[in-house]
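Trainee: I'm new to this one and don't want the whole tour. Please pick a single part and walk me through it slowly, along with whatever surrounds it.

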Amino acid sequence: MPGKQIEQQVPLTAGRGRRSPGGVPLRRRRRPAPAAAEVQYPCSDGRPMADNTFQEEANGNATLMLRHHFRGREDVLVANNLLVYYVKGDAGTRVVPDVMVALGVRGGHRMSYLVWEEGKAPDFVLEVASPGTVKVDLKDKPPLYARLGVREYFRYDPMGNLLPERLYGGRLEGAGFKPLPAQRLPDAEISIRSAVLGLELRYDGIAQRLRMWDPVAGEYLRTPEESEAARAESDRQRAEEARARREAERRTAEEARARREAERRWREAERQLQALRLSQ
């Protein structure tokens, strides 16, 4: 059986002087120009999220407390170590706040925060100091955040020996941040009110940690550990109340039985007394 004949394919392009099978010179086909590559904005800068456990704990607690506080609002974004890009087309120009809050934007998840897409910069930034971030927290980030339009800039020193003050808060005025007034309270060495958050950020010198006071609810925001402890205490109290109710119900039932028994005996004594009178 004869084999199938394979047609020889003629190259689509040819060098100078080459001709088609019909003798017509082949025209060089131009390759289409490559499309401009879309700028990619990485979601990581390759650096660790925290330099030490002091910074890690403060970052995590602040983020979780704020997320729980704003959990009922869909127009608030609370993020931790999210890359913020503020120059469209330039993936190398970015900043990474330790904790940020943006009001009036869609909440939920982000791979990164693109200022031109969100329509605004974050409203609140908290930087937690570590030995490797002291310089940028003090000198580099404040003017950058001011240029971006961040309304409030806070700094917290969890170790207590890195920054001039344990807790600092500044409000954007003009081209820079004006320090917010700090006060000392019985349960806090430093308390600074954030108008953006509607909360008071406080340094608890006894517990040696940053806390957040909600003046509307009249209580502190809770860390995950405190929430778990509060749930456990609430469960314990409910169980104790249920046990007390059962004990009270048991005593009430016993007292009712005792009354019925006393009434039965009284009626029996009356019956016997009446029978004795009739027999005389």
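**A bent helix and its surroundings**

Mentor: Let's start at a kink: helix 3 bends by about 45 degrees at Lys 141, with a proline, Pro 142, following within four residues. That bend is the angle between two fitted axes, one for the seven residues ending at the spot and one for the seven starting there. Before we go on, this is a predicted model, so local features need pLDDT of at least 70 and side-chain atom pairs count only at pLDDT 80 or more, while totals for chains, interfaces and linings use all residues. Residues are numbered from 1 along each chain as its sequence is written, and side-chain values use heavy atoms, with hydrogens and water left out.

Helices and strands here are DSSP runs numbered from the N terminus (H or I with at least four residues for a helix, E with at least two for a strand). Helix 3 covers residues 134-148. Its 15 residues should span 21 Å at 1.5 Å a residue, and the end C-alpha atoms are indeed 21 Å apart, so the two agree. (The expected span is 1.5 Å times one less than the number of residues.) Right after the helix comes Gly 149, with a positive phi near 95 degrees.

Which residues of helix 3 are buried? They are Val 134, Asp 137, Lys 141, Pro 142, Leu 144, Tyr 145 and Ala 146. Buried means under 20% relative accessible area, exposed over 50% and partly exposed in between, using a 1.4 Å probe on protein chains only. Notice that the bend residue, Lys 141, is on that list. These buried residues pack against strands 3, 6, 7, 8 (167-173) and 9 (176-179), where contact means heavy atoms within 4.5 Å.

Two of those strands deserve a longer look. Strand 6, helix 3 and strand 7 make a right-handed β-α-β unit: with the strands pointing away from you, the path from the first strand over the helix to the second runs clockwise. Strand 6 (residues 124-128) and strand 7 (residues 152-156) pair in the parallel sense over five bridges, and two strands count as paired if DSSP finds at least two. Glu 127, for instance, has Arg 155 in strand 7 as its bridge partner. Strand 6 also runs antiparallel to strand 4 (residues 99-103), joined by three bridges, with Met 100 opposite Val 125.

Why call strand 6 largely enclosed? Five of its five residues are buried, so the rest of the structure largely encloses it. Phe 124, Leu 126 and Val 128 sit on one side, with Val 125 and Glu 127 on the other. In a regular strand, side chains alternate between the two faces of the sheet.

Last, the rings. Rings of Phe, Tyr and Trp (its six-membered ring) pair if their centres lie within 6.5 Å; planes under 30 degrees apart are stacked, over 60 edge-to-face and the rest tilted. That rule gives seven aromatic pairs. Among them, Phe 124 and Phe 154 are tilted, 5.3 Å centre to centre with 40 degrees between the planes. Phe 124 belongs to strand 6 and Phe 154 to strand 7, so this pair ties together parts 30 residues apart in sequence. Phe 124 is buried at 0% relative accessibility, and Phe 154 is buried at 0% too. Back on our helix, Tyr 145 pairs with Tyr 153, also tilted, at 5.5 Å and 45 degrees. Both of those tyrosines are buried.
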